[in-house]
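Q: Please pick one part of this structure and take me through it closely, then connect it to what can be said elsewhere. I would like cut-offs stated wherever a term depends on them.

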Amino acid sequence: MDLKQIESILRNSGSANNLVLKKEIEILKSKAIDRQDEELANKLWCLENINEIQFLFISAFNNLKKKEYYKAWSDFSYIDIKLCYFREHSENYYTDSDEYGLLFIEEYSRKFQKLFPYKYFLSRESIIKKQRCSVCGTEITIRKKCKHSVGELYMGEMCVRIVSELQFLAIALVRDPFDKYAVIFPQDLEYNYGALEELLNLLETPYEKWGLTVIKRIGEKFVDARRNGLCPCGSEKKYKKCCKNTQKELIDHYAIKLNQNKGNNSILRYKEFGTWK
Ligand SMILES: [Zn+2]
Ligand SMILES: [Zn+2]
């Protein structure tokens, strides 16, 4: 396969045999490196990433279908991180017609993530003691740097820092970390994946379009609460002195809309979903 053929497969939202394509790209890239053709090697780095991002998106969708929610979550988190590094090197692949599906994947990864009940994460706090450049191997210190900069492409590889020694400080509980892998799974509590389940019952393919609106409504157990009665949250305080008129009694209400273009039977559903079951 040559560059043109690979690009054409990726333009049609990738291939089912992503691994075969990965091999083909690797072969071309090592040839480019042998010839010291940096421009081509860097182009192939982009194609490698597009292939992987498309594959992750399909994998996330399949995991959702199988109700492997944490696996799907990890796929989406990985897509986030990949796209974040990828974008500056790949303007050519973000076209108005979104041939490579990258804009679609970015938009829909975010939308899927919004439907996950995960709200809190663990984040590591640490000090880097020893690190080196992934391109030339130079050990980087405050006084010593090499000529490569992090995030730049060199002969088909992106420069990163490889950390070999880390001083661990603490683990923090956070709401919006850069990497969202460390989801907390509290004992005796089960997450409610109702919104995702509902949506996945309606979707047949990962590239189907759908819309989502989230509005806040009073949670079911608060609807009939009396001002002077006990608060339904279980605090044993009076409702008016506890959750009444606060965020605590509000719950996310999702409206999922499918554009199926099959006549006018687009489906609109409202459903109440909290974080926990
Ligand atoms: Zn270097
Ligand atoms: Zn309360």
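A: Histidine 148 is a good place to begin: its relative accessible area is 12%, so it counts as buried, where buried means under 20% relative accessible area, exposed means over 50%, and partly exposed is in between, with a 1.4 Å probe and protein chains only. Before going on, note that this is a predicted model, in which local features need pLDDT of at least 70 and side-chain atom pairs count only at pLDDT 80 or more, whereas totals for chains, interfaces and linings use all residues. Residues are numbered from 1 along each chain as its sequence is written, chains are lettered from A and ligands numbered from 1 in the order in which they are written, and side-chain values use heavy atoms, with hydrogens and water left out.

Histidine 148 belongs to the loop between strand 1 (121-133) and strand 2 (153-154); helices (H or I, at least four residues) and strands (E, at least two) are DSSP runs numbered from the N terminus. Setting aside neighbours within four places in sequence, histidine 148 is in contact with Cys133, Val135, Cys136, Tyr154, Cys159 and Arg161, contact meaning heavy atoms within 4.5 Å.

What does histidine 148 coordinate, and together with which residues? Its ND1 atom is a donor to the zinc ion (ligand 1), along with the SG atoms of Cys133, Cys136 and Cys146, at 2.1 to 2.4 Å. Donors here are N, O and S atoms within 2.8 Å of the metal (3.2 Å for Na, K and Ca), and since water is not among the atoms, sites may look incomplete. The 4 donor atoms around this zinc ion (ligand 1) subtend angles of 102 to 112°, and the arrangement is therefore tetrahedral. Four donors count as tetrahedral if all angles lie between 85 and 135 degrees; four count as square planar and six as octahedral if opposite donors are over 155 degrees apart and all others between 65 and 115; anything else is irregular. For reference, the ideal angle for four tetrahedral donors is 109.5 degrees. Along the chain, the donor residues of the zinc ion (ligand 1) are spaced C-x2-C-x9-C-x1-H. Because cysteine 133 lies in strand 1 and cysteine 146 in the loop between strand 1 and strand 2, this pair ties together parts that are 13 residues apart in sequence. Both cysteine 133 and cysteine 146 are buried.

Strand 1 also holds isoleucine 128, which at 45% relative accessibility is partly exposed. Not counting residues up to four places away in sequence, isoleucine 128 touches Val163, Glu165 and Leu166. Its C-alpha lies 32 Å from that of phenylalanine 57, a residue 71 places away in sequence.

The zinc ion (ligand 2) can be described in the same terms. Its protein donors are the SG atoms of Cys231, Cys233, Cys242 and Cys243, lying 2.2 to 2.3 Å from it, and with angles of 104 to 115° among its 4 donor atoms the site is tetrahedral. The donors of the zinc ion (ligand 2) follow the spacing C-x1-C-x8-C-C. Of these donors, cysteine 242 counts as buried at 12% relative accessibility, and cysteine 243 is buried at 1%.

Turning to aromatic side chains, the whole structure contains 25 aromatic pairs. One of them joins tyrosine 93 and tyrosine 100, edge-to-face at 5.1 Å centre to centre with 85° between the planes; rings of Phe, Tyr and Trp (its six-membered ring) pair if their centres lie within 6.5 Å, and planes under 30 degrees apart count as stacked, over 60 as edge-to-face and the rest as tilted. Tyrosine 93 is buried at 5% relative accessible area, and tyrosine 100 is buried at 4%. Phenylalanine 185 and tyrosine 191 have ring centres 5.6 Å apart and planes at 80°, so that pair is edge-to-face too. Here phenylalanine 185 is partly exposed at 45% relative accessibility, while tyrosine 191 is buried at 6%.

Charged ends also sit over rings: that of lysine 111 lies over tryptophan 210, 5.3 Å from the ring centre, and that of arginine 175 over tyrosine 120, 5.0 Å from the ring centre. The criterion is NZ of Lys or CZ of Arg within 6 Å of the ring centre and within 35 degrees of the ring normal.
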